[in-house]
Protein chains: 6
Amino acid sequence: MKMVDVGAKAETERVATASALIRMGSATLRRIREGQVEKGDVLGAARLAGIMAAKRVPDLIPLCHPIRISGVEVEVSPGKEGVHIQATVRTVDRTGVEMEALTAASVAALTLYDMLKSYDRGMAVERIQLEKKAGGRSGLWERTAVKPGKARRP
Amino acid sequence: MKMVDVGAKAETERVATASALIRMGSATLRRIREGQVEKGDVLGAARLAGIMAAKRVPDLIPLCHPIRISGVEVEVSPGKEGVHIQATVRTVDRTGVEMEALTAASVAALTLYDMLKSYDRGMAVERIQLEKKAGGRSGLWERTAVKPGKARRP
Amino acid sequence: MKMVDVGAKAETERVATASALIRMGSATLRRIREGQVEKGDVLGAARLAGIMAAKRVPDLIPLCHPIRISGVEVEVSPGKEGVHIQATVRTVDRTGVEMEALTAASVAALTLYDMLKSYDRGMAVERIQLEKKAGGRSGLWERTAVKPGKARRP
Amino acid sequence: MKMVDVGAKAETERVATASALIRMGSATLRRIREGQVEKGDVLGAARLAGIMAAKRVPDLIPLCHPIRISGVEVEVSPGKEGVHIQATVRTVDRTGVEMEALTAASVAALTLYDMLKSYDRGMAVERIQLEKKAGGRSGLWERTAVKPGKARRP
Amino acid sequence: MKMVDVGAKAETERVATASALIRMGSATLRRIREGQVEKGDVLGAARLAGIMAAKRVPDLIPLCHPIRISGVEVEVSPGKEGVHIQATVRTVDRTGVEMEALTAASVAALTLYDMLKSYDRGMAVERIQLEKKAGGRSGLWERTAVKPGKARRP
Amino acid sequence: MKMVDVGAKAETERVATASALIRMGSATLRRIREGQVEKGDVLGAARLAGIMAAKRVPDLIPLCHPIRISGVEVEVSPGKEGVHIQATVRTVDRTGVEMEALTAASVAALTLYDMLKSYDRGMAVERIQLEKKAGGRSGLWERTAVKPGKARRP
């Protein structure tokens with residue numbers, strides 16, 4: 001077990017997008033939409049917590065490199081089944097930011113859970129997954145490009 | 001938005017269990033089972049990262065209280081669809097440890113993602129959910145108590 | 001230099017309130033009031049950052065004890081000279097939470113500076129001060145009780 | 001709300017200087033000058049805490065980028081009204097270090113408050129402000145350039 | 001692997017003392033004694049870093065519990081072979097503070113290494129060891145009580 | 001006291017190797033070798049904790065620069081006197097990684113202490129020392145190159 005040496009890799013622009021869904025009952029969703037959550041602006045808090053979590057990845061994921069994140073964007077939007085989260089992280093560095101994007105999406109979802117749990121303890125976070133990554137030696141990867149039969153969907 | 005005052009609540013024993021599943025292809029699962037993952041003991045690393053993450057909750061989830069965690073257990077076991085994670089956190093404090101258990105399960109799953117991503121970028125983390133909580137004023141909550149027809153979604 | 005031993009002190013309810021003002025030009029204030037800040041909801045972000053900072057005190061202030069904060073409230077309200085911040089922190093512990101309240105107020109103010117600095121680099125944070133503390137051996141302290149002649153207030 | 005992408009900006013030398021004043025009564029100031037503070041070398045502790053705080057900015061200020069700080073200097077000098085703090089932070093990176101300098105100055109001041117609060121709870125931190133920044137696209141900014149009549153407010 | 005549950009243990013006063021020695025050449029020692037170290041007050045910095053490190057133990061040592069440290073004292077004194085460090089940590093909690101004392105001593109030593117390394121890269125930290133612990137179910141343990149023949153001391 | 005400005009130094013490949021020994025009784029060593037430690041895979045946990053600790057150096061050692069670590073390797077191997085630890089850290093940056101290697105070795109050793117302390121509180125960490133550093137202006141340094149007569153090195 002080691003943190004792989006990336007010192008010989010090129011410093012290039014890299015970007016990764018991850019998504020997640022926190023599934024919840026319609027009553028809870030309505031509360032969010034109507035701004036009736038007692039704890040306040042849950043979507044804003046989730047966005048901020050997601051951004052901050054992207055910066056904590058080296059502290060959380062044992063083998064991740066410290067990375068100079070150059071930008072983070074977290075979108076949080078209520079849908080039919082629950083709240084959809086999409087996190088995009090950018091860097092100019094020697095390794096990718098997939099873990100940063102996945103962690104931002106996860107922590108945004110957990111923050112929603114925390115602020116809504118008094119209404120609904122049965123919520124579940126689903127489909128935390130990479131949507132796209134670009135840059136670096138391994139180049140472009142897109143979820144839609146994955147062959148359908150290959151089981152990786154829930 | 002505020003961190004709710006729990007100063008008047010009783011200091012009692014509290015426990016929470018959360019679970020998650022990281023879905024992956026059978027080839028990746030086989031690698032884990034046969035110890036053929038280049039990065040080493042992924043299950044051990046995921047367990048440790050999950051335990052450590054439970055302690056970082058107040059840094060990650062904005063409105064969570066610092067809690068004196070008294071114990072953490074993270075189980076990580078390969079199944080048919082992927083690797084199942086179950087995290088149990090205990091405390092003797094004024095508020096519950098649901099977020100600690102959910103965060104431990106999430107970070108254990110993300111650690112697996114990180115160590116296996118070179119084989120399979122299509123993996124997805126599913127069903128991060130509370131299984132059970134006990135102790136405190138709101139008492140026992142169990143997922144199995146959720147009405148069956150409603151599937152596991154509220 | 002040492003972290004004073006508080007082990008023999010009684011575990012009691014303690015509360016502290018601190019305030020700060022970030023002084024800014026009227027054009028910047030108007031932007032906040034009219035929701036015209038490009039970076040988004042600055043008041044919400046400041047509130048959240050203040051709450052989270054209260055939890056980081058032991059990491060920042062060398063001789064501060066780790067404290068089980070039981071509640072934090074941060075108010076951020078635009079006034080005539082700038083944005084007023086008031087932070088209240090509560091605990092049931094062996095030592096007070098003055099530093100937690102002062103740090104919450106400071107970091108909320110710095111967060112406003114960060115999000116508004118592209119409009120106005122001349123902003124200044126003023127009067128980070130304790131307003132009140134209660135609980136513990138030294139009992140109640142209130143700023144208004146300070147003798148006026150003592151000048152210490154700006 | 002997002003962490004703005006700075007990936008396209010040039011990596012250049014950047015420096016920022018911030019200052020603060022912690023106002024205190026003359027008796028407390030005399031204690032510092034005569035080395036009669038029971039908690040020990042308060043000026044040294046404040047300097048060190050300020051330096052360390054500059055490194056914690058990405059953890060504290062939600063939208064700040066992780067930055068490779070290349071140098072930090074914190075001066076702490078007792079004056080007539082209290083203790084003056086000046087923090088200078090340098091980097092070679094894609095974004096500036098104003099927040100690092102302001103945070104270093106703030107935490108140095110809060111550390112002084114903490115170590116002196118048993119003598120004087122009425123102390124107040126004043127004028128946490130940027131004095132100068134250089135480097136980067138927006139170039140040089142100096143507080144002295146602010147029009148005098150406007151006091152220190154923009 | 002798990003963080004053992006200590007919830008059923010009694011909350012009692014506990015104390016632990018650990019020591020370390022950083023061995024260095026006489027020229028370097030002389031510099032310290034005569035205050036000729038360019039980086040400044042190395043002993044003060046080591047003391048402060050040791051105290052702060054005691055608070056970071058749950059972040060560093062995977063299976064350690066978060067503990068409410070009630071006091072920390074770090075002594076740093078130049079001797080014949082190098083600088084001797086002694087750290088004492090106290091708590092009123094359900095588990096002991098041996099790791100906090102050992103970590104404080106280690107980080108104090110590493111801080112000295114850092115500040116002196118430009119003079120002497122050959123310094124070595126020796127004998128980081130527990131000297132004494134008291135309180136809790138396992139009661140008093142003292143290093144002098146270890147049977148001499150058991151060699152474990154260098 | 002200041003964090004020295006390294007902004008003018010060249011960004012070059014740098015590597016440092018440090019070692020440590022945790023001395024322990026033969027019964028404890030046998031337990032490790034035979035996998036009879038109740039807390040589980042101690043060698044794996046120590047390796048992971050060492051890797052993670054290398055990333056925490058700027059938080060622990062006051063004057064250390066934040067560094068973009070490009071790789072970390074921690075070897076942990078039971079020998080005759082105890083467990084030997086060797087940590088190698090690499091970067092492409094403006095300053096060296098000696099402190100990262102020394103901290104990784106120290107925290108790996110402390111993690112072993114923590115997981116084994118119920119068997120043997122008398123263990124001691126010895127010879128935390130730099131073995132080699134390369135890269136940067138000061139170039140290659142190797143422990144074996146130190147003149148033997150100078151005694152202070154083991």
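Select helix H4 in chains C and D: C:Met99, C:Leu102, C:Thr103, C:Ser106, C:Leu110, C:Tyr113 and C:Asp114 meet D:Met99, D:Leu102, D:Thr103, D:Ser106, D:Leu110, D:Tyr113 and D:Asp114. Contact here means heavy atoms within 4.5 Å. By class, the residues of this contact are 8 nonpolar, 4 polar and 2 charged (nonpolar: Ala, Val, Leu, Ile, Met, Phe, Trp, Tyr, Cys and Pro; charged: Asp, Glu, Lys and Arg; polar: the others, Gly among them).

The model is predicted: local features need pLDDT of at least 70 and side-chain atom pairs count only at pLDDT 80 or more, while totals for chains, interfaces and linings use all residues. Residues are numbered from 1 along each chain as its sequence is written, chains are lettered from A and ligands numbered from 1 in the order in which they are written, and side-chain values use heavy atoms, with hydrogens and water left out.

Keep the two helices on screen and draw their axes. H4 spans residues 98-116 in chain C and residues 98-116 in chain D, and the pair packs at an angle of about 165° with axes 11 Å apart. Helices are DSSP runs of H or I, at least four residues, numbered from the N terminus; axes are lines fitted to C-alpha atoms over the stretch in contact, with angles from 0 to 180 degrees between N-to-C directions. H4(C) and H4(D) are therefore roughly antiparallel, the label for angles over 145 degrees.

Next, show chains C and D whole. A rotation of 180° with 0.0 Å of shift along its axis superposes chain C on chain D, at RMSD 0.0 Å (least squares on the C-alpha atoms of residues with pLDDT of at least 70 in both). The two copies are thus related as by a two-fold rotation axis. The same surface serves both, as 98% of the contact residues of chain C recur in chain D. To find the axis, go to C:Glu126, the residue of chain C closest to it, at 2.2 Å (C-alpha).

Now switch to chains D and F. Here a rotation of 120° with 0.0 Å of shift superposes chain D on chain F, which is the relation of a three-fold axis. The copies use different surfaces: 12% of the contact residues of chain D recur in chain F. D:Arg68 comes closest to the axis among the residues of chain D, at 4.6 Å (C-alpha).

Select the contact itself: 16 residues from chain D and 20 residues from chain F. In chain D, D:Lys55, D:Arg68 and D:Ser70 lose the most area to chain F.

How values were computed:
Helix = DSSP H or I, 4+ residues; strand = E, 2+ residues; numbered from the N terminus. Parallel < 35°, antiparallel > 145°, perpendicular 65-115°, else oblique. Buried area = accessible area lost by both parts, 1.4 Å probe.
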